[in-house]
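Student: I would like a close look at a single part of this structure, namely its salt bridges. Could you take me through them carefully, with the criteria stated along the way?

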Amino acid sequence: MSTSKPKNLRLTRWIKNIINVVWYLNILSIILWPVAVIIIGLNIPSDPSERHTDLNLFMGFQVFPTTTAETTAPIIYGQGMVFLNNTNGLLAWWVCSLVPIVMSAIVLLGLFQLRKIFRSLCKDEAFTHEIPRRIKRLGYAIIAGTIVYPILQYVTSILVLHDIDVPIDSIELFPAFEISPAILITGLACLVLSRVLLEATRNREELELTI
């Protein structure tokens, strides 16, 4: 009796190679980014007019009409990525620069699980207890990133708003908090999928023992 491995593993191996590339790039960024932040931070001029500490943050904003009426309401209201130029101090810049490091660490945890999952798939080991366990951990990493990132953005926004002067009176900025439902559902789906695969693995084992 001859056994042969599945022939349709080209896409699986291709995805595995992409994940490996992203994995090593993420490790490289975690190593180089703090070094770059320290070098840039230590060379930022003390005079705000001479520096270029630009920040991109998720914030809420309101635009009021340029009238002196006491009952004016905002004519534009929303939230999104806001580009800010030159904070008065450097604390907000340092905190904002640390956010990518924290998020890269969480992404690294998820990529580690993905690498192990696709390594098992390339070995034709789909029905093992390892894959459901790693999919479950991947789900937790996705959920953690979905929750942690908005919190970091919110806290950073508070620090920035205490350290910046908006030169236009008709524009008001305020911290905003938003969680991506699609990414959160993806993390929850991974938890459900891990449970389903675990049950499928157990049923397969019981069937093999019966035969």
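Tutor: A salt bridge here is a side-chain nitrogen of Lys or Arg within 4 Å of a carboxyl oxygen of Asp or Glu, and the structure holds three of them. This is a predicted model, in which local features need pLDDT of at least 70 and side-chain atom pairs count only at pLDDT 80 or more, while totals for chains, interfaces and linings use all residues. Residues are numbered from 1 along each chain as its sequence is written, and side-chain values use heavy atoms, with hydrogens and water left out. On pLDDT, the predictor's confidence in each residue on a scale from 0 to 100, the protein averages 84, and 90% of the residues score at least 70. Confidence is highest in α3, at a mean of 92, and lowest in strand β2 (residues 76-85), at 81; helices (H or I, at least four residues) and strands (E, at least two) are DSSP runs, numbered from the N terminus.

As a general principle, side chains of opposite charge can pair when their charged atoms come close. In helix α3, the side chains of R134 and E130 meet with N and O 2.8 Å apart. Because these two residues lie four positions apart in α3, about one helical turn separates R134 from E130. For their surroundings, buried means under 20% relative accessible area, exposed over 50%, and partly exposed in between, using a 1.4 Å probe and protein chains only. By that scale R134 is buried, at 10% relative accessibility, whereas its partner E130 is partly exposed, at 25%.

The other helix to consider is α4, where R195 forms a salt bridge with E199, the closest N and O atoms being 3.3 Å apart. R195 and E199 are four residues apart in α4, so about one helical turn lies between them. Both are partly exposed, R195 with a relative accessibility of 48% and E199 with 29%. E199 also pairs with R202, and there the closest N and O atoms are 3.5 Å apart. Since R202 and E199 are three residues apart in helix α4, they too are separated by about one helical turn. R202 is likewise partly exposed, with 35% relative accessibility. Through these shared partners, the salt bridges join R195, E199 and R202 into one network.
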